[in-house]
Amino acid sequence: MPELLNEQTREEIRQVFKNLKEPVRILFFGTQEQCDYCSETRQLVEEVSALSDKLNLTVHDIQVDDLLAHKFNVDRVPSLVVASLDGQQVSDHGIRFSGIPSGQEFSAFINALALVSGRDSGLSQQTRAFLKNIDTPILLQVFATPT
Amino acid sequence: MALAHQFAMENPLIQAEAVEATEFRELAARHFVSGVPHTVINDGKSHLVGAVPEANLLAEIQRTLELA
């Protein structure tokens, strides 16, 4: 398959990635079964993660690696998990992408990598104080389209 | 989208999922998603249509927790 990112886009992302601080683990979940966007999503994250040595991609099959998928609450493909990587320790922050992060979602994906790399939400003190005290699970699903 | 991911950073109990609506049409239809962005909280307990500022998302989460 030809490259999905052209050289200009690569260069723009490299500039953003210069500010990455700490290592990030990206987990890709796909399947060998019918999946319209799995191979394209995998290729996209491979191209992106090649642009910084702070990004560490692992590739998984949701059926083969079912325990891992379950651990990360992944039940759709393609799915991406953006987590912290400290040494060998992977820390989940609950940051997920379901479906290919292209179009408008592409910048959201790049932003998520920068967010996790910075290990800081950037939110106001008031918001942080409230969120830290939440003791029941919250699921935020933000629907978007590529165009 | 960035905002929901920022919220998730603050608490391991908060999960923020960017869903590509055209790939997961059934899920989008189940939550009556017509325009985007559309945020669904706790599988339909509440909804936010359109992009919203930090204070609004926080307020909606607070409201959802009070409903529970």
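Helices, written H, are DSSP runs of H or I with at least four residues, and strands, written E, are DSSP runs of E with at least two, both numbered from the N terminus. In this predicted model, local features need pLDDT of at least 70 and side-chain atom pairs count only at pLDDT 80 or more, whereas totals for chains, interfaces and linings use all residues. Residues are numbered from 1 along each chain as its sequence is written, chains are lettered from A and ligands numbered from 1 in the order in which they are written, and side-chain values use heavy atoms, with hydrogens and water left out.

**Chain A as a whole**

Chain A contains five helices and five strands, and read from the N terminus these elements follow the order α-β-α-β-α-β-β-α-α-β. Its C-alpha atoms occupy a box of roughly 45 × 35 × 35 Å along the principal axes. The radius of gyration, taken over C-alpha atoms and compared with a globule rule of 2.2 Å times the number of residues to the power 0.38, is 16 Å for chain A, which agrees with the value near 15 Å for a compact globule of 147 residues.

Of the 147 residues of chain A, 50% are buried, where buried means under 20% relative accessible area, exposed means over 50%, and partly exposed lies in between, with a 1.4 Å probe and protein chains only. Among contacts in chain A with a separation of 6 or more, 69% join residues 24 or more positions apart, a contact being heavy atoms within 4.5 Å.

**Backbone features in loops**

Most residues other than glycine have a negative phi, and most peptide bonds are trans. The table sets out two cis peptide bonds, each of which leads from a valine to a proline.

| Cis peptide bond | Omega | Place of the proline |
|---|---|---|
| A:Val77 to A:Pro78 | near -10° | loop between helix H3 (66–71) and strand E3 (79–86) of chain A |
| B:Val36 to B:Pro37 | about -5° | loop between helix H2 (25–30) and strand E2 (38–41) of chain B |

The loop between H2 and E2 of chain B also holds B:Phe32, a residue other than glycine whose phi is positive, near 55°. Is the side of the chain at B:Phe32 buried or exposed? B:Phe32 is exposed, with a relative accessible area of 68%.

A positive phi, near 60°, is found as well at B:Asp43, again a residue other than glycine, and B:Asp43 sits in the loop between E2 and strand E3 (46–49) of chain B.
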